[in-house]
Amino acid sequence: MTWRDAEAPWPQPLETDRARVRDPDSLGVVVSGRAEAALSVVLFRGGWADVDYVADLDDAGCLPASGITSAADFAARMDRWVTRVFGSLG
């Protein structure tokens with residue numbers, strides 16, 4: 001996981017220690033799976049996320065992620081994105 005501090009001078013570094021961030025602006029996470037499968041999500045406090053994925057060599061790209069309204073909304077979307085990239089959660 002990485003965090004970006006809105007109060008940090010430009011260019012704002014990505015921090016792996018949450019304690020170093022006073023005013024969180026974004027949170028990033030990378031989930032990896034079998035072979036080359038990976039999901040990269042950066043959630044911004046403005047209510048959107050940058051979501052990039054590689055399910056396999058023929059299936060990669062970006063997923064829509066705007067209008068995130070709550071932690072529960074983000075969690076539900078994260079479940080859908082993980083399922084889209086890695087298959088069933090069960």
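# A tour of the sheet, its salt bridges and helix α1

Start by selecting Val-42, which sits in strand β4; strands here are DSSP runs of E with at least two residues, helices are DSSP runs of H or I with at least four residues, and both are numbered from the N terminus. The model is a predicted one: local features need pLDDT of at least 70, side-chain atom pairs count only at pLDDT 80 or more, and totals for chains, interfaces and linings use all residues. Residue numbers run from 1 along each chain as its sequence is written, and side-chain values use heavy atoms, with hydrogens and water left out.

**Around Val-42**

Val-42 counts as partly exposed because its relative accessibility is 24%. The classes are buried (under 20% relative accessible area), exposed (over 50%) and partly exposed (in between), with a 1.4 Å probe and protein chains only. Show the residues in contact with Val-42, where contact means heavy atoms within 4.5 Å. Leaving aside neighbours within four places in sequence, these are Ser-26, Leu-27, Gly-28, Trp-48, Ala-49 and Asp-50. For a distance across the model, pick Arg-84: its C-alpha is 17 Å from that of Val-42, and the two residues are 42 apart in sequence.

**The sheet**

Next, colour the strands. In what order do the six strands of the open sheet lie? The order is β2-β1-β3-β4-β5-β6, with antiparallel pairing. The edges are taken by β2 and β6 (59–63), each with a single partner strand, so one side of each has no neighbour in the sheet. Two strands are counted as paired if DSSP finds at least two bridges between them. Strands of a sheet pair through backbone hydrogen bonds, either parallel or antiparallel.

Go through the pairs one at a time:

- Select β1 (residues 2–5) and β3 (residues 24–32): four bridges join these antiparallel strands. Thr-2 stands opposite Gly-28 of β3.
- Select β1 and β2 (residues 14–15): two bridges join them, again in an antiparallel arrangement. Trp-3 has Glu-15 as its bridge partner in β2.
- Select β4 and β5: seven bridges join this antiparallel pair. Phe-44 stands opposite Trp-48 in β5.

**The salt bridges**

Switch on the side chains of the charged residues. How many salt bridges does the structure hold? There are seven, a salt bridge being a side-chain nitrogen of Lys or Arg within 4 Å of a carboxyl oxygen of Asp or Glu.

Select Asp-23 and Arg-45, which form a salt bridge with their closest N and O atoms 2.7 Å apart. Asp-23 is in the loop between β2 and β3, and Arg-45 is in the loop between β4 (38–44) and β5 (48–56), so the pair ties together parts 22 residues apart in sequence. Asp-23 counts as partly exposed because its relative accessibility is 23%. Arg-45, at 52%, counts as exposed.

Add Asp-25, which also forms a salt bridge with Arg-45; here the closest N and O atoms are 3.7 Å apart. Asp-25 belongs to strand β3 and Arg-45 to the loop between β4 and β5, so this pair ties together parts 20 residues apart in sequence. Asp-25 is buried, with a relative accessible area of 14%. Now add Arg-4: Arg-4, Asp-23, Asp-25 and Arg-45 are linked in a network of salt bridges.

**Helix α1**

Move to helix α1 (residues 71–86) by selecting Ala-76, which is found there. Ala-76 counts as partly exposed, with a relative accessibility of 32%.

Is the Arg-77 and Asp-73 pair buried or exposed? Both residues are buried, and they form a salt bridge with the closest N and O atoms 2.9 Å apart. Arg-77 and Asp-73 are four residues apart in helix α1, which means a separation of about one helical turn.

Select the buried residues of α1: Asp-73, Phe-74, Arg-77, Met-78, Trp-81, Val-82 and Val-85. Looking down the axis of α1, these buried residues fall within an arc of 165°, so they line one face of the helix; the arc is that of the directions from the helix axis to the C-beta atoms. What covers them includes β3, β4, β5 and β6. Turn the helix over to find the exposed residues Ala-72 and Arg-80 on the face turned away from the buried side.

End at Gly-87, just after α1, which takes a positive phi of about 95°.
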